[in-house]
Amino acid sequence: MAKNFSCAVSDRVTYDAVQLFGGYGYMRGYLVERLYRDNRILSIGGGTTEIMKEIIGKLM
Ligand SMILES: Cc1cc2nc3c(=O)[nH]c(=O)nc-3n(C[C@H](O)[C@H](O)[C@H](O)COP(=O)(O)OP(=O)(O)OC[C@H]3O[C@@H](n4cnc5c(N)ncnc54)[C@H](O)[C@@H]3O)c2cc1C
């Protein structure tokens, strides 16, 4: 549950950061673009969000 929550927060924060930087947030060489790209693996590696939800659902 903590992983899924953290991933959701990270998704939102990096999405908003790119939006805030506008075109620069989308360009290679800018840290914000790297953070946005790196963030995507968080909800895939170590168990995807969908599978985590399934596990949480079974435990409930
Ligand atoms: C860079 C990287 C690092 C990784 N590090 C680790 C690690 O440290 N430890 C570790 O254990 N694993 C790690 N993995 C493996 C990672 O957990 C798997 O990629 C993950 O289990 C998804 O498997 P898959 O890529 O084969 O996708 P698939 O299983 O083919 O899934 C594709 C999509 O379908 C969804 N999906 C699949 N089955 C269901 C279902 N029953 N219900 C709903 N949706 C479903 C998935 O959530 C995903 O969105 C890493 C992967 C990468 C790419």
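What follows is a short dialogue about the ligand site and the salt bridges of a predicted model.

Colleague: Let's start with the ligand. Which residues surround the ligand?

Modeller: Ile41, Ile44, Gly45, Gly46, Gly47, Thr48, Glu50, Ile51 and Glu54 do. Sorted by class, that shell has 3 nonpolar, 4 polar and 2 charged residues.

Colleague: And which polar side-chain atom lies 2.6 Å from an oxygen atom of the ligand?

Modeller: That one belongs to glutamate 50. The backbone takes part too: a polar backbone atom of isoleucine 44 is 3.3 Å from a ligand oxygen. Then look at glutamate 54, where an N or O atom of the side chain is 3.2 Å from a nitrogen atom of the ligand.

Colleague: How much of the ligand's accessible area does the protein cover?

Modeller: The cover comes to 29% of the 970 Å² that the ligand has on its own.

Colleague: Now salt bridges. What's the general idea, and how many does the structure hold?

Modeller: The idea is that oppositely charged side chains can pair when their charged atoms come close. This structure holds 5 salt bridges. Glutamate 54, which we just met at the ligand, forms one with lysine 58, with 3.8 Å between the closest N and O atoms. Both sit in helix α4 (residues 49-59), 4 residues apart, or about one turn of the helix.

Colleague: Are those two partners buried or exposed?

Modeller: Lysine 58 counts as exposed because its relative accessibility is 67%, over the 50% cut-off. Glutamate 54 has 47%, so it counts as partly exposed.

Colleague: Where else should I look for a pair within a helix?

Modeller: Try helix α1, where aspartate 16 and arginine 12 are 4 residues apart and therefore separated by about one helical turn. They form a salt bridge with the closest N and O atoms 3.1 Å apart. Arginine 12 is exposed at 55% relative accessibility, while aspartate 16 is partly exposed at 33%.

Colleague: Which residues are linked in a network of salt bridges?

Modeller: Arg28, Glu33 and Arg37. Within this network, the side chains of arginine 28 and glutamate 33 meet at 3.7 Å, N to O. Glutamate 33 is buried, with a relative accessible area of 9%, whereas arginine 28 is exposed at 65%.

Colleague: One last residue: where is phenylalanine 21 found?

Modeller: In helix α1, which covers residues 2-21. Phenylalanine 21 is partly exposed, at 42% relative accessibility. From C-alpha to C-alpha, phenylalanine 21 is 35 Å from glutamate 54, and the two are 33 residues apart in sequence.

Notes
Residues are numbered from 1 along each chain as its sequence is written. This is a predicted model: local features need pLDDT of at least 70, side-chain atom pairs count only at pLDDT 80 or more; totals for chains, interfaces and linings use all residues. Side-chain values use heavy atoms; hydrogens and water are left out. A residue is near a molecule or strand if one of its heavy atoms lies within 4 Å of it. A polar contact is a pair of N or O atoms within 3.5 Å; within protein, one must be able to donate a hydrogen and the other to accept it, and residues adjacent in sequence count only if both atoms are side-chain atoms. Accessible areas come from the Shrake-Rupley method with a 1.4 Å probe; for residues, only the protein chains shown count as cover. Ala, Val, Leu, Ile, Met, Phe, Trp, Tyr, Cys and Pro count as nonpolar, Asp, Glu, Lys and Arg as charged, and the others, Gly among them, as polar. Helices (H or I, at least four residues) and strands (E, at least two) are DSSP runs, numbered from the N terminus. Buried means under 20% relative accessible area, exposed over 50%, partly exposed in between (1.4 Å probe, protein chains only). A salt bridge is a side-chain nitrogen of Lys or Arg within 4 Å of a carboxyl oxygen of Asp or Glu.
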